[in-house]
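Me: Please take me through this structure, and give the reason for each term as it arises.

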Amino acid sequence: MGRELRFLTAGESHGPCLIGIVEGMPAGLPLTEERIAVELSRRQKGYGRGGRMQIEQDRAEILSGVTKGETTGAPIALRIENKDWPNWKNKDLPPLTVPRPGHADLAGKLKYSHHDLRSVSERASARETAMRVAIGAIAKALLQEFDITIFSHVLAIGDIRANIADLPYTELAALAESSALRCADPEATVQMKKHIDKTKNKGDSLGGIFEVIALGVPPGLGSYVHWDRRLDGLLAQAVMSIPAIKGVEIGEGFAVARLWGTEAHDELFYTGGRLTRRTNRAGGIEGGVSNGEPIVVRAAMKPIPTTVTPLHSVDLATGIETQTQYLRSDVCAVPAAGIVAEAMAAWILASAFLEKLGGDSLEEIRVNFAHFQQRLAEESTRP
């Protein structure tokens, strides 16, 4: 039986800290707070972010599960301090009774019978994704030991779309990393910034589309034998769990619905003594199993529902129709959502990788992986 990865997060948006517990990570994996800090810093960047990004400057403290820079195989505990906590801990705030459309406020109140909607919003907040990124950094560290890398880039902000046709993956990743909007098209980036500025001035917010790509993923991760082990389903659920994500595609996704069957699939060829493909419309997954091609996940993020311009609502304490009050928020967080999606994709791929190859230590997994690669080489070149 493969090794099972699990994680839990705890904490509120304006509470003292966020807590994360990671279980199932093998022993011997090099891991430092500095490595995690790189990913947390990437999440906080992006044109259109709000003022809280200047307050927090996130850093995860490793509390257990790591000794002398390597994982021990025991549960890993992480803590991220909320630096905004001192500004909130002594505030005597009246109950929040006006639900904000698009947030979890009303649905959470109806589920848990809360009288103060802050009890919903504090946990439902996207602030929780900071810990997901820290945990995803651990998953990335494991994958990178086996030359599996993950990056994201922005395809659209509102109705401004990037033109990235035929860009090699290495160039695509480098251009995205150097862009304030994680967009590989410099001209589109300029237009996106202008669009964000105009949106901010009118008191509104923007959504968009981003793409996550995983390179070097071996075939055989996931399974078609049970519905809940299909890799595409696991990735879609993980990315959809990010706040404000309303749609997820694998590969060409909805676009293939407009094609003929003879156009929609990735044909196989025998080139240079090896099986090859010339397209990747399936996004690296067939039948719920990775097929060795790059894995491509695309997601749509709705505009952030906290806007300067008020929205119509109802005060639940009085039953009187009213308007929402503005709270601090981003204008656009699509680039940051892409970083969170990288973390979630890394977690799913690391879980599937360990399920396939097992091992309680990095050394043991290397041996299993080498044997697996040898078998794959033999089968892909077999006449």
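Me: What makes the sheet of 4 strands an open one, and in which order do the strands stand?

Reply: In this predicted model, the 4 strands are arranged in the order 1-2-6-3, with antiparallel pairing. Strand 1 (6–10) and strand 3 (60–64) each have a single partner strand, so one side of each remains without a neighbour in the sheet and both stand at the edges. From one strand to the next, the twist averages 20°.

Me: How do you know that strand 3 and strand 6 pair?

Reply: Two strands count as paired if there are at least two bridges between them. Strand 3 and strand 6 (residues 76–81) have 4 bridges, in the antiparallel sense, and therefore meet that requirement. E61 stands opposite R79 in strand 6.

Me: Which strands does helix 1 touch, and which does helix 5 touch?

Reply: Helix 1 (residues 33–44) packs on the sheet against strand 3 and strand 6, and its direction makes about 140° with that of strand 3. Helix 5 (residues 129–144) also packs on the sheet, where it touches strand 1, strand 2 (17–23), strand 3 and strand 6; its direction makes about 140° with that of strand 6.

Me: Why are helix 5 and helix 10 called oblique to each other?

Reply: The axes of helix 5 and helix 10 (residues 334–357) cross at roughly 45° and come within 7 Å. Angles under 35 degrees count as roughly parallel, and 65 to 115 as roughly perpendicular. The crossing angle of roughly 45° falls in neither range, nor is it over 145, so the two helices are oblique. Their crossing is left-handed. Among the residues of helix 5 that meet helix 10 are V133, G136 and L143, while those on the helix 10 side include V340, W347 and F353.

Me: What is the crossing angle of helix 8 and helix 10, and what is it called?

Reply: The axes of helix 8 (residues 231–240) and helix 10 cross at roughly 150° and come within 9 Å. Angles over 145 count as roughly antiparallel, so this pair receives that description. The crossing is right-handed. L231, L234, L235, A238 and V239 in helix 8 meet residues of helix 10 including M344, I348 and A352.

Me: How do you know that the buried residues of helix 6 line one face?

Reply: The buried residues of helix 6 (residues 169–177) are L172, A173 and A176. Seen down the helix axis, they fall within an arc of 95°, so they line one face of helix 6. Their cover includes strand 7 (149–157) and strand 9 (208–215).

Key:
Residues numbered from 1 in each chain as written. Predicted model: local features only at pLDDT ≥ 70, side-chain atom pairs only at ≥ 80, totals over all residues. Heavy atoms only, no water. Axes fitted to C-alpha atoms, helices over the stretch in contact; angles between N-to-C directions. Contact = heavy atoms within 4.5 Å. Buried < 20%, exposed > 50% of the residue type's maximum accessible area, 1.4 Å probe, protein only. Arc of directions from axis to C-beta. Left-handed = near helix turned anticlockwise from the far one by under 90°.
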